[in-house]
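Please look through the structure shown here, keeping the sequence beside it, and follow the explanation below from one part to the next.

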Amino acid sequence: MLQVYLVRHGETLWNAARRIQGQSDSALTAKGEQQARQVGERMKHLGITHVIASDLGRTKRTAEIIADACGCAVTLDKRLRELNMGVLEQRPLDSLTPEEESWRTTLIDGTENGRIPNGESMTELAARMHEALNACLNLPAGSRPLLVSHGMALGVLVSTLLGLPAWAERRLRLRNCSISRVDYQKSAWLAAGWVVETAGDVSHLDAPALDELQR
């Protein structure tokens with residue numbers, strides 16, 4: 001059985017300021033760096049063999065902190081990037097016009113073909129996230145990888161593994177530096193392939209993490 005840990009990046013300046021990040025970037029806050037260290041403390045005794053991260057700065061930095069604790073190198077994979085949020089990237093949430101807010105809402109309210117102009121759909125995001133996860137099946141036997149990605153990206157990955165469509169209403173909260181785990185297995189009582197063991201665990205953090213969509 002292959003176990004894969006999924007970690008969302010630490011809190012960023014734009015998370016704290018409630019600005020839309022997408023594939024634009026913002027540095028980790030001091031709290032975000034501390035969250036990453038707390039992930040590393042939890043994971044360093046679990047036999048992590050590979051730390052694979054989105055190539056955006058906030059995930060790369062989170063991964064570096066975790067990898068240092070685990071004694072691993074960091075490999076970058078652009079398929080683990082956050083959803084491209086098009087023309088709304090870098091915008092404060094409270095600055096959106098009603099029309100712009102309606103574009104953003106289509107990503108989370110179950111609109112099948114929702115997307116922000118010049119951005120990605122949730123279906124496109126899910127496809128590349130599944131490619132990145134399935135690439136772990138090619139790692140050497142006995143590997144235990146950890147993937148560092150983003151809130152929307154990991155949310156759609158876990159949700160679709162559970163059988164939901166990529167565009168389903170977004171109801172899974174994955175806070176900054178939360179840990180999830182998915183296993184590739186064959187069980188008499190579960191569908192063969194990827195199953196979700198845990199999702200959104202923040203018990204290792206000493207303070208609740210922010211979620212940029214929480215009001």
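In this predicted model, strand 2, which covers residues 50-53, pairs with strand 3 in the parallel sense, and three bridges join the two. One residue of this pairing is Ala53, whose bridge partner in strand 3 is Leu76. Packed on the sheet is helix 3, residues 57-70, which touches strand 1, strand 2, strand 3 and strand 4, and whose direction makes about 150° with that of strand 4.

The sheet itself is open and has six strands in the order 3-2-4-1-5-6, with mixed pairing. Its edges are formed by strand 3 (74-76) and strand 6, each of which pairs on one side only. On average, and with direction ignored, neighbouring strands of this sheet are turned by 25° against each other.

Helix 6, residues 151-161, is largely enclosed by the rest of the structure, because 11 of its 11 residues are buried; among them are Gly151, Leu154, Val158 and Leu161. The buried residues of this helix pack against strand 1 (2-8), strand 4 (145-149), strand 5 (179-185) and strand 6 (193-201), and also against helix 5 (122-134). After helix 6 comes Gly163, which has a positive phi, near 100°.

The cysteines remain to be considered, and the structure holds zero disulfides. For Cys70, the closest cysteine sulfur is that of Cys72, and at 5.4 Å it is too far for a bond, since a disulfide requires sulfur atoms within 2.5 Å. Cys136 is likewise in no disulfide, with the nearest cysteine sulfur, in Cys72, 13 Å away. Cys70 counts as buried at 15% relative accessibility, and Cys136 counts as buried at 2%.

Technical notes: Residues numbered from 1 in each chain as written. Predicted model: local features only at pLDDT ≥ 70, side-chain atom pairs only at ≥ 80, totals over all residues. Heavy atoms only, no water. Buried < 20%, exposed > 50% of the residue type's maximum accessible area, 1.4 Å probe, protein only. Helix = DSSP H or I, 4+ residues; strand = E, 2+ residues; numbered from the N terminus. Contact = heavy atoms within 4.5 Å. Pairing = 2+ DSSP bridges. Axes fitted to C-alpha atoms, helices over the stretch in contact; angles between N-to-C directions.
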